[in-house]
Amino acid sequence: MASPTASPTSDGSGTATALTADREVPLAEDGSVSLTVPALDVTGGSERDRSCFVERDSDLGVMDFYLDAAVDIESLRMELIDPRGVRLVGRPVLVPAVNRGGSIPYGGTVDWDDRAEVLGEQKFIEWSARQSTRFASISGGDSYLVLMRLRPTADRVSFDGLRVDYEVMTPDDTERVGPQFTAEVPTDTRWRIVERFGAC
């Protein structure tokens, strides 16, 4: 993972600060935000995935990535790393944990048309609070399941992970902190798509 690491410093007034990019910015007046973790931590449910899917009328809903935000995030942009035979449709959806900052021990792949029914029954996530990354409001201390809509364009599918570009704001939300940052999580994903009446 490549993401900015905040290093604890002090500005002499007792305000907790962190060195981000090439300047110091306050992250929390009371020091409640840990300054030793990345601003945004991106993880994957599995490092390697070898799967076979029968050709479907619908796209696939993939839920193998998670976000943990240490500070408020201003904007998010996600893309697959080196996709072959597959493309991301629209913007991913973020689903928060039921408990603030809680873990989400859930993942997998479903038919896109069945996503609401499947995810609505999961006790670890709050499906009703889902939001598109286009208008996402990411709060520090929260964790999210990433739901991506993927469309196979060939019978052999692969991608090498997920890249997330994001921006951080100062606590009063008045100023962006440094440049745009990038976090990546590598995976080794290989799928085969077979004909409807074929065998995997």
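I took a salt bridge to be a side-chain nitrogen of Lys or Arg within 4 Å of a carboxyl oxygen of Asp or Glu. This is a predicted model, in which local features need pLDDT of at least 70 and side-chain atom pairs count only at pLDDT 80 or more, while totals for chains, interfaces and linings use all residues. Residues are numbered from 1 along each chain as its sequence is written, and side-chain values use heavy atoms, with hydrogens and water left out.

**Entry 1: salt bridges**

I looked up the total, and the count is 12 salt bridges. I then went through three of the pairs.

I found Asp82 and Arg84 joined by their side chains, at 2.3 Å from N to O. For cover I used relative accessible area, with buried under 20%, exposed over 50% and partly exposed in between (1.4 Å probe, protein chains only). Asp82 is partly exposed because its relative accessibility is 40%, and Arg84 is partly exposed at 32%.

I looked next at Asp142 and Arg100, whose side chains form a salt bridge at 2.6 Å, N to O. Asp142 is in the loop between S11 and S12 and Arg100 in the loop between S9 and strand S10 (109–111), so the pair ties together parts 42 residues apart in sequence. I named helices (H or I, at least four residues) and strands (E, at least two) from DSSP runs, numbered from the N terminus. The two partners differ in cover: Asp142 is buried with a relative accessible area of 15%, whereas Arg100 is exposed at 60%.

I also noted a network in which salt bridges with shared partners join Arg50, Asp82, Arg84, Asp160, Asp188 and Arg190.

The third pair is Arg151 with Asp59, with the closest N and O atoms 2.8 Å apart. Arg151 is in strand S12 and Asp59 in the loop between strand S5 (48–54) and S6, so I logged this as a link between distant parts of the chain, 92 residues apart. Arg151 is partly exposed at 28% relative accessibility, and Asp59 is buried at 8%.

**Entry 2: strand S12**

I checked the cover of strand S12 (residues 143–152) and found seven of its 10 residues buried. I then listed its pairings, where two strands pair if DSSP finds at least two bridges between them.

- I found strand S6 (residues 60–69) antiparallel to S12, with seven bridges; Val62 has Met148 as its bridge partner in S12.
- I found strand S8 (residues 86–88) antiparallel to S12 over three bridges, with Leu88 partnered by Leu150.
- I found strand S9 (residues 93–96) antiparallel to S12 through four bridges, with Pro96 opposite Tyr144.

**Entry 3: the loop before S12**

I looked up Ile138, which is in the loop between S11 and S12. Ile138 is buried, at a relative accessible area of 4%. Its C-alpha atom is 9.9 Å from that of Leu40, and the two residues are 98 apart along the chain.

**Entry 4: a charged patch**

I recorded a negative surface patch made of Asp113, Asp114, Glu117 and Glu121. Patch residues have over 30% relative accessible area and no salt bridge, with like charges joined within 9 Å. Asp and Glu count as negative, and I placed the charge at CG of Asp or CD of Glu. Glu121 is in the loop between helix H1 (115–119) and strand S11 (131–132). I listed Glu121 as exposed because its relative accessibility is 62%.

Notes: Patches are made of residues with over 30% relative accessible area and no salt bridge: like charges are joined within 9 Å, nonpolar side chains (Val, Leu, Ile, Met, Phe, Trp, Tyr) within 5 Å. Accessible areas come from the Shrake-Rupley method with a 1.4 Å probe; for residues, only the protein chains shown count as cover.
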